Amino acid sequence: MKSLQGKVVSTKMTGTVVVEVVRKFRHPLYQKTVSRHKKYKASVSTDQQISEGDEVMIRESRPIAKSVNFIVTKIVKKIVQ
């Protein structure tokens with residue numbers, strides 16, 4: 001199973017958050033560090049209090065909805081507001 005770490009970008013849906021995962025790699029020709037980002041929708045259990053800006057770990061799961069294939073496993077860093 002794929003496990004990723006990213007930042008919560010949106011919490012506007014009920015039971016679902018959007019997590020942006022940034023990956024960095026070295027360009028094969030120019031040897032420059034390049035960063036790419038992708039957004040994943042992840043399901044959240046009702047007892048987790050997640051807000052925008054939090055760092056979370058997500059893991060791949062069975063399809064929960066049409067575009068939701070990940071589950072939030074833990075909160076790595078909580079942003080205090």
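Which pattern does the protein chain follow when read along the sequence? The protein chain follows β-β-β-β-β, where strands are DSSP runs of E with at least two residues, helices are runs of H or I with at least four, and both are numbered from the N terminus.

Before you start clicking, a word on what is loaded. This is a predicted model, in which local features need pLDDT of at least 70 and side-chain atom pairs count only at pLDDT 80 or more, while totals for chains, interfaces and linings use all residues. Residues are numbered from 1 along each chain as its sequence is written, and side-chain values use heavy atoms, with hydrogens and water left out.

**Stop 1: the whole chain**

Show the protein chain as a cartoon. You should find 0 helices and 5 strands. The C-alpha trace spans about 45 × 30 × 20 Å along its principal axes. Switch on a surface, and the protein chain exposes about 6,000 Å², with carbon and sulfur atoms supplying 51% of that area; the areas come from the Shrake-Rupley method with a 1.4 Å probe, and for residues only the protein chains shown count as cover. Of the 81 residues, 32% count as buried. Here buried means under 20% relative accessible area, exposed means over 50%, and partly exposed is in between (1.4 Å probe, protein chains only).

**Stop 2: the barrel**

Now colour the strands one by one. The 5 strands close into a barrel in the order β1-β2-β3-β5-β4, with mixed pairing. From one strand to the next, the twist averages 45°; the axes behind that angle are lines fitted to C-alpha atoms, for helices over the stretch in contact, and angles run from 0 to 180 degrees between N-to-C directions. Two strands pair if DSSP finds at least two bridges between them. As background, strands of a sheet pair through backbone hydrogen bonds, either parallel or antiparallel.

**Stop 3: walking along the pairs**

Select strand β1 (residues 3-13) together with β4: these run antiparallel and are joined by 5 bridges. Two spots to label here are Leu4, which stands opposite Ile58 in β4, and Gly6, which stands opposite Val56 in β4.

Keep Val56 in view and add β5. Val56 also stands opposite Ile75 in β5, and β4 and β5 pair in the antiparallel sense over 6 bridges.

Go back to β1 and bring in β2. These strands run antiparallel, with 4 bridges between them, and the bridge partner of Val8 in β2 is Val19. Follow the hairpin of β1 and β2 to its turn, where 2 residues sit between the strands and Gly15 takes a positive phi near 80°.

**Stop 4: two residues of β2**

Thr16 lies in strand β2 (residues 16-26). Is Thr16 buried or exposed? Thr16 counts as buried, at 13% relative accessibility. Show its surroundings and, not counting residues up to four places away in sequence, Thr16 touches Thr11, Lys41, Ala42, Ser43 and Val68. Contact means heavy atoms within 4.5 Å.

Lys24 has its place in strand β2 as well. Lys24 counts as exposed, at 65% relative accessibility. Leaving out residues up to four places away in sequence, Lys24 touches Thr33, Val34 and Ser35. Try a distance on one of these: Lys24 and Val34 are 10 residues apart in sequence and 5.6 Å apart in space, C-alpha to C-alpha.

**Stop 5: the loop between β4 and β5**

Select Ile64, which lies in the loop between β4 and β5. Ile64 counts as partly exposed, at 39% relative accessibility. Setting aside neighbours within four places in sequence, Ile64 is in contact with Ser43, Asn69, Phe70 and Ile71. For another distance, draw a line to Arg36: Ile64 and Arg36 are 28 residues apart in sequence and 26 Å apart in space, C-alpha to C-alpha.

**Stop 6: the salt bridge**

How many salt bridges does the count come to? The count comes to 1, a salt bridge being a side-chain nitrogen of Lys or Arg within 4 Å of a carboxyl oxygen of Asp or Glu. Select Asp54 and Lys78, whose closest N and O atoms are 3.3 Å apart. The pair links distant parts of the chain, 24 residues apart: Asp54 is in the loop between β3 (33-43) and β4 (55-60), and Lys78 is in the segment after β5 (70-77). Asp54 is buried, with a relative accessible area of 0%, whereas Lys78 counts as partly exposed at 41% relative accessibility.

**Last look**

Zoom out to the whole chain again. Among contacts between residues at least 6 apart in sequence, 48% join residues at least 24 apart.
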